[in-house]
Amino acid sequence: MPPVFGGLAIGHRNGSLTGMKIPAGRCSVITVWRLFSIFWVMAAAEPMAAQGASFIHASVFPRRPQVNTWVALDVRGLPARRHRYRLQIRNPTGGPISEIRTRGRQAVVVPIAFIQPVTGRNWGLEYRILRRTAPRNAKWNVLQVYIHHRYPLHARAYLLLTSRQTERHLRQRQIGGLRLGLRRLSTIPQAAIAVFNGCIIGPHGKPSIHAAVLRSVLAAGIPVYQLGALKPQPVYNLDWRQVHLPGGVAAWMIGMAAPPLAARPLTPDLTRIRLPRLVSPPPWRTIAIMCGIFSMVAPGLAFAAASGKHIGWRIGWMSVASLATAVVAVLWINRLPPVDSVHWGWRQRTGAKYIDYSIQWHVLRTLVPTQITTADISALPVAWSPESWRRLRAVVHFSATSAEPNRITFNLAKDGAAIIRTQWLNFHAGTSLAPAHWLMFTDGRLHRLPTGRSVGVDDWLLRQHAAVRPSVKAWLILGRDGYSGWQIAVNKRLEVEPLLAHPHR
């Protein structure tokens, strides 16, 4: 009779266990050890794939980053995973976290804000890889990025849609950058595209490819160069002109006047903008008045309802009624978003007919600690000093394609503020009409066209619609850099256009 342990009968017969064909003795120990090893490897494989701490490598573009700009990190050696995961990179000294989604061992390009100059050869960052349900306290790993201090000062970085042979030819002419394909270009965030000096297409590129890639490249404010002797076909009503790249390489270029204040994380001029005083939302005032009236009526009703009882019971019911009113008021207020937002924007013409940018600034302020999520195509956080930038506790979820919006998640403290800047590249129909009454803005003054008579800015601003005045004030402070002269007009919104020497009309 075999022994019984907890209702399980184990029989011994010819050195084997009943129901399991595992040999006894030394062979059984080896087999069990093999099974244990397999189970251990399967359990440890997933966490090891999620870490990959010692194999991740990142290259920075441009090779010598400029302070107070966004740079692009070409991250390679990511762990192989079947499902999509999130890669987060941050600066240990503070500021927002850059996040992008990927899968497998695909190389990704992640924008990172470069605020402080690097004193040594390595730029120390931190990264972590998260699943969908990763804990907030996931471990951060160290990522060292080599900075090419000896790289020539005049060197530029380009996006190269070329063959390897053409890439080697360009490098011999001191033209380098990030070589990639069309599919990978569609996954690069706009902020990362904007850090390059241009996009070079090989001499065998087809015109049909141009329209598919130009929109996201031109929206980032960088030109596109086509190698070859034949002039390409116009794209988006933009014509190509012949230029020479560094090293004497002949090419055809298509581009537009970049929008003002290209992606820079610090904007000191923001301190010159006077924002309206932060006030409680209108629903809060309504709730306070209603609950205040009810707090005076409810104790009286409770006192009258308990008229047949002792005075202590009456006071108790009055206290309960007052407490219930306060609880209802707090719950009611917390259901409403205590966020105050201020926004302004303008339409910036590029000099090319029917094509322009729309620039939008958005200030979010809160009365109580709140988590805020905002989404726009090219949304980027902005601060007015390195100290305010380091205090930004935000996550920038960069989109995988140019058609998807970026998302920014902020945890704002009481009386905190977040400033977001976005821009869009707009293509208008040929029937769009320019607004009347253009003015010329030069040397800090407005002049009427074509007489040239000076116009007082303050008096002219008072005659504009109240909804447009904040946009005009913001443009005068933030948007007029980059050109010596502008044309400005106000219709339903503010529109500005650079005074080019030879405008393309």
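L323 sits in helix 7, which covers residues 311-334. In this predicted model, L323 is exposed, with a relative accessible area of 57%. Together with V327 and L331, L323 makes up a nonpolar patch on the surface, and the three residues share about 290 Å² of accessible area. L323 qualifies for such a patch because its 57% is over the 30% relative accessible area that patch residues need.

A patch of another kind turns up around R407, a residue of strand 24 (residues 406-412). Here R84, R101, R103 and R407 form a positive surface patch. R407 itself counts as partly exposed, at 35% relative accessibility. That value falls between the 20% and 50% limits, so R407 is neither buried nor exposed.

Zooming out, the chain's secondary structure adds up to ten helices and 30 strands. Of the 505 residues in the chain, 44% are buried. As for contacts with a separation of 6 or more, 65% of them are between residues 24 or more positions apart. The accessible surface of the chain is about 28,700 Å², and carbon and sulfur atoms account for 58% of that area.

Helix 10 (residues 469-479) is a mostly covered element, with eight of its eleven residues buried. The buried set consists of S471, V472, A474, W475, L476, I477, L478 and G479. What do these buried residues of helix 10 pack against? Their partners are strand 19 (339-349), strand 20 (355-366), strand 26 (439-442), helix 9 (457-462), strand 29 (485-490) and strand 30 (494-498).

Then there is the backbone. The loop between strand 6 (57-61) and strand 7 (69-76) holds P62, and the peptide bond joining F61 and P62 is cis, with omega at about -5°. N68 lies in that loop between strand 6 and strand 7 as well. The phi of N68 is near 70°, a positive value in a residue other than glycine. N68 is buried, at a relative accessible area of 15%, and it earns that label because 15% is under the 20% cut-off.

Q174 also has a positive phi without being glycine, with a value near 60°. This residue belongs to the loop between helix 2 (164-172) and strand 14 (176-179). Is Q174 buried or exposed? Its relative accessible area is 57%, so Q174 is exposed. Put side by side, N68 is buried, whereas Q174 is exposed.

How values were computed
Residues numbered from 1 in each chain as written. Predicted model: local features only at pLDDT ≥ 70, side-chain atom pairs only at ≥ 80, totals over all residues. Heavy atoms only, no water. Helix = DSSP H or I, 4+ residues; strand = E, 2+ residues; numbered from the N terminus. Buried < 20%, exposed > 50% of the residue type's maximum accessible area, 1.4 Å probe, protein only. Contact = heavy atoms within 4.5 Å. Areas by Shrake-Rupley, 256 points an atom, 1.4 Å probe, with all protein chains shown as cover. Patch = residues over 30% accessible without salt bridge, like charges linked within 9 Å, V, L, I, M, F, W, Y side chains within 5 Å. Salt bridge = Lys/Arg side-chain N within 4 Å of Asp/Glu carboxyl O. Lys, Arg positive; Asp, Glu negative; His and termini not counted. Charge placed at Lys NZ, Arg CZ, Asp CG, Glu CD.
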